[in-house]
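Trainee: Can we go through this one together? I'd like to start with the DNA and then move on to the protein.

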2 protein chains.
Amino acid sequence: MATIREVAKLAGVSVATVSRVMNKNGYINEKTKDKVEAAIQELDYRPNDVARTLFKGTSNMIALFVPDIMNPFFPELARAVEDTANKSGYTFILCNTDNNREKEMKYLHTLLQKTIGGVVMVSSSIPLETLHKVDVPMVALDREIADMISVTVNNRAGAVEAVRYLQKTGCRRIAHISGPADTTSAAERKKGYLDVMQQEDGFCEKDYIAPGEYTFDGAYHAAKEIIQKHPEIDGVFAANDLMGVGVLKAAEALHLRVPEDLAVIGFDGIEIGKITTPALTTIGQPIYEMGKRAVEIIIDQMENDQKECDSEQYTVQLIKRQSTK
Amino acid sequence: MATIREVAKLAGVSVATVSRVMNKNGYINEKTKDKVEAAIQELDYRPNDVARTLFKGTSNMIALFVPDIMNPFFPELARAVEDTANKSGYTFILCNTDNNREKEMKYLHTLLQKTIGGVVMVSSSIPLETLHKVDVPMVALDREIADMISVTVNNRAGAVEAVRYLQKTGCRRIAHISGPADTTSAAERKKGYLDVMQQEDGFCEKDYIAPGEYTFDGAYHAAKEIIQKHPEIDGVFAANDLMGVGVLKAAEALHLRVPEDLAVIGFDGIEIGKITTPALTTIGQPIYEMGKRAVEIIIDQMENDQKECDSEQYTVQLIKRQSTK
DNA sequence: TTGAAAGCGCTAACAC
DNA sequence: GTGTTAGCGCTTTCAA
């Protein structure tokens, strides 16, 4: 790779002049500019980004922390973040945290040593004091984290809508497969479920809520067990689609017809809900849009210094498919 | 973030000495070493990786080019690459190419400007001459690319096994939903299908092969059409699992029972095949293992200079599930 | 065993 | 308008 010095030499100017034409700042004579551009062209010169970053003290890289990209909810988010970052000239770094604090801390330090430009956090259990010491723009995505700015969805209202819809289509005994208690989205969705169900006669929380940890297997086993114990259950609200699919699979194992014997509704609106049989009814989030917005906020913070923007909340939408009546 | 100079000052030594104790090279007095280490500790000093990279001329980042992380085949691969890279102290960059040459070229140049350490390519239509000019370790993964070292699977033999298995379980008229013609894995799988089928009486290639482009929708429509045109089809070999699931969905739309009326087998062994109803029989690849191996090769090339290693081929394995008899 | 200094490739004062 | 130069934070000769 050619360096700025070689370009300067070929064009017969100083490196400062080359730098000026590249960055379009300062005054440059038209003829000089042409000479420099010709030299750049001829050498196929591309400025070394590492040197630039060292000088500037901050890199044009944006990282995304997710629990695990193998969970089908995250690829779409990752895609949105990458596309948006790229569009503005930033490079995308993916970090799978496994919800592990050690890993997160290690990543954070590695990125800091690379003078990372910004971080989008879907997963973070990094201690508050560490976060405060770090002077890098961050935004929380899909859940709330410490006192970060966040981009989320109205989870509680979405859950209320899900349960009400189940009721409207005839379900009387509705169970909930819940997500991890320490994740705000899961907690909110559970609250929404309770908002509706606690108004029902004889509703007993313990009997109708089982933890599925946002995983397929977790939900499969949880659903199987709770339905066997309470055969009167005729509807299930799973806190995410992956678990919704797990419930579908459990219904199959129990020889229950969906939606006739058991109606199922999920949450998220990921692709996987379309390909199952029956296809999964769900509460859809604007996933791509949210990822995009998170990056826009980060970039805004990086480029301008206005840290004074607010959290944003998107609205969910009921997507009717075949797993409900 | 503290700098090496601050550490040197605090420890009462020169920056060279600090550098020496960090990198454990050159002679250092035990006492000096202790002083320096204490200073590092006290300041919570972490060397600036950008400066190191600038000096060294090559960074500790490894990139992965995939067509699209939203295709469920790639997250597992990405995960393998990331885990393996991290384990050796490298940072992972994800690049979605959309099989678009422009995008790939743009990525390549961006990474080159960051003095990227190595690249794992699942997708690349970058011209050979460009590739040759670039002095960065690269390996092709899951498919063959130009004259890169590759990590693949015995696709053709796997396809033969798939079709034979369909025959063994009673299928007489087996169709093939093929992948993109310009992708070596898809081409090999089609060859394997033909290896078997061309020995059958009255087999007509045109009637039984439909292109699905490795996508769910592509396969859904292709399968629907070909089966309607040739109702005698009683088995389908889809060139990948995503398409296999598409075929399952098509069968449902056509009111065909799987596997009684139509048996379906896929290729890849991704998670999604387990969650459908019926679960998808498939030819499994050791996906994680392959991703891991590709990175090991890259790192080997980066750290030692022995470019003389060979391509590697893994063996597939038949995974029987419910979509075949 | 340690320090001084050059230099990785770039940008931005500052001088002319 | 353009060139000279210091310096971003590090590593590595070369001297001492």
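**DNA strand C and the two chains**

Mentor: Begin with A:Ser19: an N or O atom of its side chain lies 2.9 Å from a phosphate oxygen of DNA strand C. This is a predicted model, where local features need pLDDT of at least 70 and side-chain atom pairs count only at pLDDT 80 or more, while totals for chains, interfaces and linings use all residues; side-chain values use heavy atoms, without hydrogens and water. Residues are numbered from 1 along each chain as its sequence is written, with chains lettered from A and ligands numbered from 1 in the order in which they are written.

Trainee: How far is the polar backbone atom of A:Ile4 from a phosphate oxygen of DNA strand C?

Mentor: That distance is 2.3 Å. For A:Ala51, a polar backbone atom is 3.4 Å from a base nitrogen of the strand.

Trainee: How many residues surround DNA strand C, and which are the closest?

Mentor: There are 26, taking a residue as near when one of its heavy atoms lies within 4 Å. The closest are A:Ile4, A:Tyr45, B:Thr17, B:Arg20 and B:Thr32. Of the strand's atoms that come within 4 Å of the protein, 71% belong to sugar and phosphate.

Trainee: Which helices supply at least two residues each of that surface?

Mentor: In chain A, H1 (4-11), H2 (15-23) and H4 (49-56); in chain B, H2 (15-23) and H4 (49-56). Helices here are DSSP runs of H or I of at least four residues, strands are E runs of at least two, and both are numbered from the N terminus. The largest share, five residues, comes from H2(A).

Trainee: New topic. How many salt bridges does the structure hold?

Mentor: The total is 30 over all chains, counting a side-chain nitrogen of Lys or Arg within 4 Å of a carboxyl oxygen of Asp or Glu. In one of them, B:Asp98 pairs with B:Lys103, with the closest N and O atoms 2.6 Å apart.

Trainee: Is B:Asp98 buried or exposed?

Mentor: Neither: B:Asp98 is partly exposed because its relative accessibility is 36%. Buried means under 20% relative accessible area, exposed over 50%, and partly exposed in between (1.4 Å probe, protein chains only). B:Lys103, at 29%, is also partly exposed.

Trainee: What about B:Glu296 and B:Arg293?

Mentor: Their side chains form a salt bridge at 2.9 Å, N to O. They are three residues apart in helix H14 (residues 287-303) of chain B, so about one helical turn separates them. Elsewhere, one network of salt bridges with shared partners joins A:Asp68, A:Asp98, A:Lys103, B:Arg79 and B:Asp83.

Trainee: On to the interface. How many residues of chain B are in contact with chain A?

Mentor: 48 residues of chain B meet 48 of chain A, contact being heavy atoms within 4.5 Å. The two chains bury about 4200 Å² between them, 59% of it on carbon and sulfur atoms. That is the accessible area (1.4 Å probe) that two parts lose on being put together, summed over both. On the chain B side, B:Arg79, B:Gln113 and B:Ile275 lose the most area to chain A, together 17% of what that side buries.

Trainee: How many salt bridges cross the interface of chain B and chain A?

Mentor: Six. One joins B:Arg79 to A:Asp98, with the closest N and O atoms 2.7 Å apart.

Trainee: Where does the largest share of the side of chain B that touches chain A come from?

Mentor: From H6(B), with seven residues.

Definitions and conventions
A polar contact is a pair of N or O atoms within 3.5 Å; within protein, one must be able to donate a hydrogen and the other to accept it, and residues adjacent in sequence count only if both atoms are side-chain atoms.
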